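Colleague: Hi! Could you walk me through this one while we both have it open?

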Amino acid sequence: MTNVSVERRSEARRRSLLRASVVYGGGRSTMDCVVRDLTSKGARLKFAGPALVPPIFELRLLDRDEHRHARKVWVREAEMGLAFD
């Protein structure tokens with residue numbers, strides 16, 4: 001028996017290594033992270049520790065001077081998948 005992974009993304013991920021920050025709590029709280037995969041619809045983030053992030057937040061792409069509203073889709077230890085609103 002084989003495990004087959006079903007791709008649910010509507011577009012291919014682009015590998016990246018961008019510095020970013022998750023901002024929440026009205027801008028009072030931040031968590032630094034690295035964007036590991038990026039598409040126009042979402043991203044995969046890597047944190048230094050557990051990804052303790054609220055469901056809705058702002059993602060600041062520091063290397064691109066961009067801000068995007070996002071929502072948490074999944075969390076696995078220090079990684080998190082998100083969708084852009």
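Colleague: Let's start with Arg 44: does it count as buried or exposed, and at what relative accessibility?

Modeller: Happy to help! Keep in mind that this is a predicted model. Arg 44 has a relative accessibility of 16%, and it counts as buried because the limit for that word is under 20%.

Colleague: Where in the chain is the place of Arg 44?

Modeller: Arg 44 is in strand 3, which covers residues 42-46.

Colleague: And which side chain forms a salt bridge with Arg 44, and how far apart are the closest N and O atoms?

Modeller: The partner is Asp 37, and the closest N and O atoms of the pair are 2.7 Å apart. Asp 37 is buried too, with a relative accessibility of 2%. The side chain of Arg 44 also makes a polar contact of 2.6 Å with the side chain of Glu 79. Asp 37, Arg 44 and Glu 79 are linked in a network of salt bridges.

Colleague: Why can side chains like these pair at all?

Modeller: In general, side chains of opposite charge can pair when their charged atoms come close.

Colleague: Nice. How many salt bridges does the count come to?

Modeller: The count comes to 5 salt bridges. One of them joins Asp 63 and Arg 19, with their closest N and O atoms 2.9 Å apart. Asp 63 is in the loop between strand 4 and strand 5, while Arg 19 is in strand 1 (residues 14-24), so this pair ties together parts that are 44 residues apart in sequence.

Colleague: Is Asp 63 buried, exposed or partly exposed?

Modeller: Asp 63 is partly exposed, at 39% relative accessibility. Arg 19 is partly exposed as well, and its relative accessible area is 49%.

Colleague: Which residue forms a salt bridge with Glu 58?

Modeller: That would be Arg 60, and the closest N and O atoms there are 2.8 Å apart. Glu 58 is buried, with a relative accessible area of 18%, whereas Arg 60 counts as partly exposed at 30%.

Colleague: Back to that loop for a moment. How do strand 4 and strand 5 run, and how many bridges join them?

Modeller: They run antiparallel, and 6 bridges join strand 4 (residues 56-61) to strand 5 (residues 66-76). Leu 61 stands opposite Glu 66 in strand 5. The two strands form a hairpin with 4 residues between them.

Colleague: What is the phi of Asp 65 in the turn?

Modeller: Asp 65 has a positive phi of about 55°, although it is not a glycine. That stands out because most residues other than glycine have a negative phi. Asp 65 is exposed, with a relative accessible area of 69%.

Colleague: And what about the phi of Glu 77?

Modeller: Glu 77 also has a positive phi of about 55° and is not a glycine. You'll find Glu 77 in the loop between strand 5 and strand 6 (79-84). With a relative accessible area of 71%, Glu 77 is exposed.

Colleague: New topic: rings! How many aromatic pairs does a search of the whole structure find?

Modeller: The search finds 0 aromatic pairs. Still, there are rings with a charge over them. Arg 68 lies over the face of Phe 84, at 3.9 Å from the ring centre.

Colleague: What sits over the ring of Trp 74?

Modeller: The charged end of Arg 76 does, 4.2 Å from the centre of that ring.

Methods
Residues are numbered from 1 along each chain as its sequence is written. This is a predicted model: local features need pLDDT of at least 70, side-chain atom pairs count only at pLDDT 80 or more; totals for chains, interfaces and linings use all residues. Side-chain values use heavy atoms; hydrogens and water are left out. A polar contact is a pair of N or O atoms within 3.5 Å; within protein, one must be able to donate a hydrogen and the other to accept it, and residues adjacent in sequence count only if both atoms are side-chain atoms. Rings of Phe, Tyr and Trp (its six-membered ring) pair if their centres lie within 6.5 Å; planes under 30 degrees apart count as stacked, over 60 as edge-to-face and the rest as tilted. A charge sits over a ring if NZ of Lys or CZ of Arg is within 6 Å of the ring centre and within 35 degrees of the ring normal. Two strands pair if DSSP finds at least two bridges between them. Buried means under 20% relative accessible area, exposed over 50%, partly exposed in between (1.4 Å probe, protein chains only). A salt bridge is a side-chain nitrogen of Lys or Arg within 4 Å of a carboxyl oxygen of Asp or Glu.
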